[in-house]
Amino acid sequence: MGTDLHELLRTLKVWDPETTELPSFDPATAPEEPLTLFTQWFARAVAAGQSEPHTMSLATADPDGTPDVRIVMLHGADAQGWAFATHAGSRKGRQLAARPYAALGFYWPVQGRQVRVRGPVSAAPAAEGRADLHARSTGALAAALTGRQSEVLGSAQELARASQEAWERAQRQPDAPVPSWTLYRVRPQEVEFFQGDERRRHVRLVYRRSEQGWARELLWP
Ligand SMILES: Cc1cc2nc3c(=O)[nH]c(=O)nc-3n(C[C@H](O)[C@H](O)[C@H](O)COP(=O)(O)O)c2cc1C
């Protein structure tokens, strides 16, 4: 029996009161720069029980401007920017080499919150990328060691073999180098905070980097 997608879509809600509590957000009391607000919202998403709040959409583009998007993990956010890690030879890595700009999107439905970050991207020094990788789990190292991300896979057996070898190596050599694994940072030019409102008077506060520091504006929802 086939699924009627449209019928199913009509049964679904966003911000169901059973699972969502929309907090009030007064942009007049927001901090002067976006990192502080991001850190506060992130901690509140964790406290509110949001699952996987550290996963984010990462948008990049081909050299001709064709957009692309996928999920990656947030590895940190500080004065240098929002960090994630991946293989330099992956599709996104090649896109970033040709066009070093990205956008990030976070969605924390338990509070009806969204955060968007845009800006130029740079690769962290290799030693920093190595330290970041080796501070993570054996599984993360094994996944990085498996390599060849975004290449065409010939068969599941090929992957099983490579993955098994990578696991054994990661266990044997916890500091095994993965030269293509790269820590990237998005240096924000713009960060937008969206707070959903049940009457759809959503609050959108955007921070834009200017010569004088951060300018703040509200946007129509
Ligand atoms: C929850 C989740 C977390 C992920 N985290 C990462 C990550 O941190 N780094 C990464 O390279 N891929 C991560 N991936 C896989 C990417 O979504 C993507 O499949 C992969 O990086 C290849 O993307 P590309 O072909 O555009 O380069 C994650 C996927 C999911 C679903």
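**Close-ups of a predicted model**

**View 1. The chain as a whole.** In this predicted model, 62% of the chain's contacts with a separation of 6 or more are between residues 24 or more positions apart. The secondary structure adds up to 6 helices and 10 strands. Along the principal axes, the C-alpha atoms take up a box of roughly 60 × 55 × 40 Å. Of the 221 residues in the chain, 24% are buried.

**View 2. Where helix α5 packs against helix α6.** Here we zoom in on α5 (residues 138-146) and α6 (residues 156-172), whose axes sit 8 Å apart at an angle of about 130°. That angle falls outside the parallel, antiparallel and perpendicular ranges, so the two helices, α5 and α6, count as oblique to each other. The crossing of α5 and α6 is right-handed. On the α5 side, the residues in contact are Thr138, Leu141, Ala142, Leu145 and Thr146. They meet Ala162, Ser163, Ala166, Trp167, Arg169, Ala170 and Gln171 of α6. Sorted by class, this α5 and α6 contact has 7 nonpolar, 4 polar and 1 charged residues.

**View 3. The shell around the ligand.** Now over to the ligand, which has 14 residues around it. Nearest of these are Thr86, Ser90, Arg91, Lys92 and Ser150. Three elements, β2 (67-73), β4 (81-87) and α3 (91-98), each chip in at least two residues of the shell. Strand β2 gives the largest share, with 5 residues. As for chemistry, the shell around the ligand is a mix of 5 nonpolar, 5 polar and 4 charged residues.

Technical notes:
Residues numbered from 1 in each chain as written. Predicted model: local features only at pLDDT ≥ 70, side-chain atom pairs only at ≥ 80, totals over all residues. Axes fitted to C-alpha atoms, helices over the stretch in contact; angles between N-to-C directions. Helix = DSSP H or I, 4+ residues; strand = E, 2+ residues; numbered from the N terminus. Parallel < 35°, antiparallel > 145°, perpendicular 65-115°, else oblique. Left-handed = near helix turned anticlockwise from the far one by under 90°. Contact = placed C-beta atoms within 7 Å. Nonpolar A, V, L, I, M, F, W, Y, C, P; charged D, E, K, R; others polar. Buried ≥ 20, exposed ≤ 12 C-beta atoms within 10 Å, placed from the backbone. Near = placed C-beta within 6 Å.
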